[in-house]
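Please read the following points alongside the sequence and the model, and check each against the coordinates as you go.

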Amino acid sequence: MTATPASSGQPAGLPPQVGIFIVGAGFGGLGAAIKLQEAGERDFLCIDRGSEVGGTWRDNSYPGAACDVPSQLYSFSFAPNPDWSHSFSRQPEIQDYLRRVARQAGVLDRFRFNVSFEAAAWDAGADRWRIETSAGPTTARLLVAAGGALSDPRMPEIDGIEEFSGAIFHSSQWNHELDLTGKRVAVIGTGASAIQIVPEVAEQAGRLDVYQRTAPWVLPRRDVAYRPWQRWLLRTFPPLQRAARAAVYLAREATVPMFIALPGIGKLAARSGIRNIDKAISDPVLRAKVRPHFALGCKRVLLSNDWYPALTRDNVQLITEPIRRLTRTGIVTSDGTERQIDALIVATGFLPTELPIAQQIKGTHGQTLSDAWSLAGVQAYKGSTVTGFPN
């Protein structure tokens with residue numbers, strides 16, 4: 001197979017067949033490509049609808065975007081990076097890391113960008129996958145679906161959203177050309193993206209309304225900047241970096257009993273969350289609004305040092321009344337109040353359990369992967385193969 005280099009501009013048609021076809025050029029797809037090459041398998045092709053590698057770290061470029069998994073762990077074990085600037089990496093740094101790893105691995109000649117995956121169906125007679133893409137069809141012996149769970153934004157279903165005349169965009173599709181300075185801005189959502197966006201936007205906006213459906217558990221983020229001498233040590237003594245990674249891994253694994261066997265430990269962590277609230281917020285009404293009403297661990301636990309302080313700013317209001325509808329110029333809540341806004345930022349997450357790519361893949365009996373998962377949930381043998389979907 002001969003693949004067009006990644007820098008070739010507009011994608012040409014795909015080769016008529018390929019050994020292994022990979023969908024997605026984020027951590028999963030890039031890691032698969034590198035490991036295939038290391039195993040001596042060069043007959044593979046990876047496509048991505050974006051313009052370069054990175055996946056969610058290419059797309060989510062909103063202000064304050066960062067990872068809530070420590071840098072030493074949130075990286076390929078086979079490609080350690082001694083030069084992280086912080087213990088929790090920022091988005092630009094993670095994206096640069098992925099670019100560098102891809103370039104150094106020498107796999108980009110088998111990547112095609114700006115190509116969308118459209119469908120795949122198993123052909124039992126030919127023992128191959130028949131694949132449709134925006135750059136044309138191809139077939140493959142093996143199909144790797146590495147589209148990722150945080151690829152497709154979830155837009156809220158709100159009456160009147162089409163009528164809103166101001167700027168509106170999802171957090172993963174940030175409008176960098178829009179200047180929010182002095183604007184009346186609304187953010188819908190209080191999840192992992194919102195708690196990073198709100199403190200940043202609050203510094204610019206004239207007024208910021210934050211719409212909360214469920215108060216999350218937010219624990220302090222123990223983030224530190226690596227000093228030059230620390231980075232020198234990690235770069236000079238690779239075993240030290242491996243030990244640091246192992247320590248982070250074991251510390252994370254040690255939290256598992258808190259969620260599945262020893263709920264009493266979770267209560268200790270919950271106390272840390274309550275202290276995080278009490279330390280930043282003195283207003284009892286606001287404290288009550290942000291206090292979670294479910295056990296820690298039932299939803300994603302968030303990490304932030306500036307979320308609660310941002311909510312106490314004079315130009316920020318946390319709104320817990322449900323949204324009834326949008327008008328041309330504002331948001332109306334269930335109590336009848338309409339708040340005028342210039343821009344609406346939708347931070348309502350993605351479709352991790354309703355993967356669109358699963359609706360586009362058909363197995364041996366013409367059943368989609370989405371249908372197969374609808375009965376017993378999203379599952380795969382050893383996380384990689386599903387009955388009725390060969391190779």
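A residue is called buried when its relative accessible area is under 20%, exposed when that area is over 50%, and partly exposed in between. The model discussed here is a predicted one.

1. On one salt bridge and its exposure. R141 has a relative accessible area of 37%, and R141 is therefore partly exposed. Its salt-bridge partner is E41, with the closest N and O atoms 3.8 Å apart. This pair links distant parts of the chain, since E41 sits in the loop between α1 and β2 whereas R141 belongs to strand β6 (residues 136–145), 100 residues apart. E41, at a relative accessible area of 23%, is likewise partly exposed.

2. On a second long-range salt bridge. R49 and D152 meet through their side chains in a salt bridge, at 3.3 Å from N to O. Because R49 lies in the loop between β2 and α2 and D152 in the loop between β6 and β7 (167–170), the pair ties together parts that are 103 residues apart in sequence. R49 counts as partly exposed at 45% relative accessibility, and D152 also counts as partly exposed, at 22%.

3. On the remaining salt bridges. By the rule applied here, the count comes to 18 salt bridges. One of them joins the side chains of D223 and R221, at 3.8 Å from N to O. Which side of the 20% cut-off do these two residues fall on? D223 is partly exposed, having a relative accessible area of 21%, whereas R221, at 17% relative accessibility, counts as buried. In addition, R42, D109 and R110 are joined into one network by salt bridges that share partners.

4. On strand β2. Why can β2 be described as largely enclosed by the rest of the structure? The reason is that five of the five residues of this strand (residues 44–48) are buried. Both faces are covered, with F44, C46 and D48 buried on one side and L45 and I47 buried on the other.

5. On the pairing around β2. Strand β1 (residues 17–23) runs parallel to β2 and is joined to it by four bridges, and within this pairing V23 has I47 of β2 as its bridge partner. Strand β3 (residues 111–113) also pairs with β2 in the parallel sense, over three bridges, and there the bridge partner of I47 is R112. I47 thus has a bridge partner in β1, namely V23, and another in β3, namely R112. Helix α1 (residues 27–38) enters the picture as well, as β1, α1 and β2 make a right-handed β-α-β unit.

6. On the aromatic residues. The structure holds 11 aromatic pairs. In the pair of F76 and Y97, the ring centres are 6.5 Å apart and the planes stand at 35°, so the pair is tilted. F76 lies in the loop between α2 (56–59) and α3 (91–105), while Y97 lies in helix α3, so the pair ties together parts that are 21 residues apart in sequence. Both of these residues, F76 and Y97, are buried. The rings of F169 and W174 have their centres 4.9 Å apart and their planes at 75°, so this pair is edge-to-face; F169 and W174 are buried too. Ring pairs also link F27, W57, Y74, F76, F78, W84 and Y97 into a cluster.

7. On Q91. This residue is found in helix α3 and is buried, with a relative accessible area of 10%. Which backbone oxygen does the side chain of Q91 reach? The backbone oxygen is that of W57, at 2.7 Å. When neighbours within four places in sequence are left aside, Q91 is in contact with W57, R58, N60, S61, A65 and A66.

8. On Q317. Strand β12 (residues 316–319) contains Q317, which counts as partly exposed at 38% relative accessibility. The C-alpha atoms of Q317 and L208 are separated by 6.4 Å, although the two residues are 109 residues apart along the chain. Not counting residues up to four places away in sequence, Q317 touches L208, D209, V210 and R339.

Methods:
Residues are numbered from 1 along each chain as its sequence is written. This is a predicted model: local features need pLDDT of at least 70, side-chain atom pairs count only at pLDDT 80 or more; totals for chains, interfaces and linings use all residues. Side-chain values use heavy atoms; hydrogens and water are left out. Buried means under 20% relative accessible area, exposed over 50%, partly exposed in between (1.4 Å probe, protein chains only). Helices (H or I, at least four residues) and strands (E, at least two) are DSSP runs, numbered from the N terminus. Two strands pair if DSSP finds at least two bridges between them. A crossover is right-handed if, with the strands pointing away from the viewer, the path from the first strand over the helix to the second runs clockwise. Rings of Phe, Tyr and Trp (its six-membered ring) pair if their centres lie within 6.5 Å; planes under 30 degrees apart count as stacked, over 60 as edge-to-face and the rest as tilted. A salt bridge is a side-chain nitrogen of Lys or Arg within 4 Å of a carboxyl oxygen of Asp or Glu. A polar contact is a pair of N or O atoms within 3.5 Å; within protein, one must be able to donate a hydrogen and the other to accept it, and residues adjacent in sequence count only if both atoms are side-chain atoms. Contact means heavy atoms within 4.5 Å.
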